[in-house]
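Let's take a walk through this protein model. Have the sequence and the 3D view open as you read.

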Amino acid sequence: MGHEHGHDHGVSAETAIRPLTIALTLIVGFMVAEVALAVVADSLALLSDAAHMLVDAAALGMSVWAARLALRPAAGRMTFGFRRAEILAAQANGITLLVLGIAIVIEALRRLSDPPAVDGGLVFVTAAVGAGVNVLALWQVAHANRENLNVEGSYRHLLTDLYAFAGTALAGLVVWTTGFDRADPIASLLVAGSMLFAAWPLLRASGRILLEGAPEGLSPDDIATALRGHAGVENVHDLHVWEISSGFTALSAHVLVGREEDCHRIRRELESELHERFGIEHTTLQVDHTAQRLLWPNR
């Protein structure tokens, strides 16, 4: 027997599409300009920043695609629709942050031993403008629901990009005013650290959902105790609680009630309790009388 409380799970995906699309347009527009400036100035630092923005643009594009996919209704073999596409996008964002962070560390260490000549003035001005564009993109994404892991992944990408621009601008200023070329790789190491720091919680949260672990802040033991404590309930087993996507928690369990109890009434009461006390939207409870338990001793 199942129950799902009325809730439009597509709302967060739908409201995410517009701000993510605007942020994507801003990032791609500046990235093209930055590549042109990097070629004119023969600046590897700016070209690296442009490559960073290319990864961000890919992450944002994936986020928009996943948000649109999540709006598709459940049909055919996809009985939960495509809501988990957003979780896959969030994990891909976390992986790209991790890989890019490691790549920047390797490149920064190489530059420390052999620093390239950098046009500090052009780097400083371009990075300062890039930081401004990034703030506008961040402002757009911040308007979306950041409880959605897909949106949070894009937000973290843009935030680390802002750190990258700040570090590049500072490094450009130091090179410009002092001629200390190693300022560029030192700043890159700090940026890489922020990227690795942003990647870990994103990978952990998306990994937990894909492995169908219990949602953060929900204890299966506490839920089982609450169900067993309900009047008329004699036992609860085969309890599973997991997330379909961000904010959409599901639960299934086998509940045994006393012989004389109204199993339908108890099921409705348990569903209401699960929704009100634990915020669980989708419940599937199989409720049997204890006498029926004898028919399936191995179940």
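Helices α3 and α6 run roughly antiparallel to each other, because their axes cross at roughly 155° and anything over 145 degrees counts that way. Keep in mind that you're looking at a predicted model. To find the pair, look for residues 85-113, which make up α3, and residues 183-210, which make up α6. Their axes come within 7 Å, and α3 passes α6 in a left-handed crossing. What kinds of residues make up the contact of α3 with α6? They divide into 24 nonpolar, seven polar and two charged.

Now zoom out to the whole chain. The protein has 299 residues, and 47% of them count as buried. Its secondary structure comes to nine helices and four strands. If you read along the sequence, the pattern goes β-α-α-α-α-α-α-α-β-β-α-β-α. And how much of the contact count joins residues far along the chain from each other, 24 or more positions apart? Among contacts with a separation of 6 or more, such pairs account for 75%.

Next up are the nonpolar cores. The largest one has 20 residues, and A23, I27, M53, L60, V141, L158 and F165 are the ones that touch the most other members. Four helices give two or more residues to this core, and here is where to look for them:

| Helix | Residues |
|---|---|
| α1 | 10-41 |
| α2 | 44-70 |
| α4 | 120-142 |
| α5 | 149-178 |

Which of these helices gives the largest share of the core? That's α4, with six residues.

M53 is a good one to click on. Leaving out residues up to four places away in sequence, M53 touches I27, F30, M31, E34, D161 and F165. There's also a second, separate core of 19 residues, and I223, A226, L227 and L251 are among its members.

One last stop is T160, which sits in helix α5. Is T160 buried or exposed? T160 has a relative accessibility of 1%, so it counts as buried, the cut-off being under 20%. Try finding F197 from there: T160 and F197 are 37 residues apart in sequence, while their C-alpha atoms are 9.5 Å apart in space.

Key:
Residues are numbered from 1 along each chain as its sequence is written. This is a predicted model: local features need pLDDT of at least 70, side-chain atom pairs count only at pLDDT 80 or more; totals for chains, interfaces and linings use all residues. Side-chain values use heavy atoms; hydrogens and water are left out. A nonpolar core is a set of buried Ala, Val, Leu, Ile, Met, Phe, Trp, Tyr and Cys residues joined through side-chain atoms within 4.5 Å. Buried means under 20% relative accessible area, exposed over 50%, partly exposed in between (1.4 Å probe, protein chains only). Contact means heavy atoms within 4.5 Å. Axes are lines fitted to C-alpha atoms, for helices over the stretch in contact, and angles run from 0 to 180 degrees between N-to-C directions. Angles under 35 degrees count as roughly parallel, over 145 as roughly antiparallel, 65 to 115 as roughly perpendicular and the rest as oblique. A crossing is left-handed if the near helix is turned anticlockwise from the far one by less than a right angle, and right-handed if clockwise. Ala, Val, Leu, Ile, Met, Phe, Trp, Tyr, Cys and Pro count as nonpolar, Asp, Glu, Lys and Arg as charged, and the others, Gly among them, as polar.
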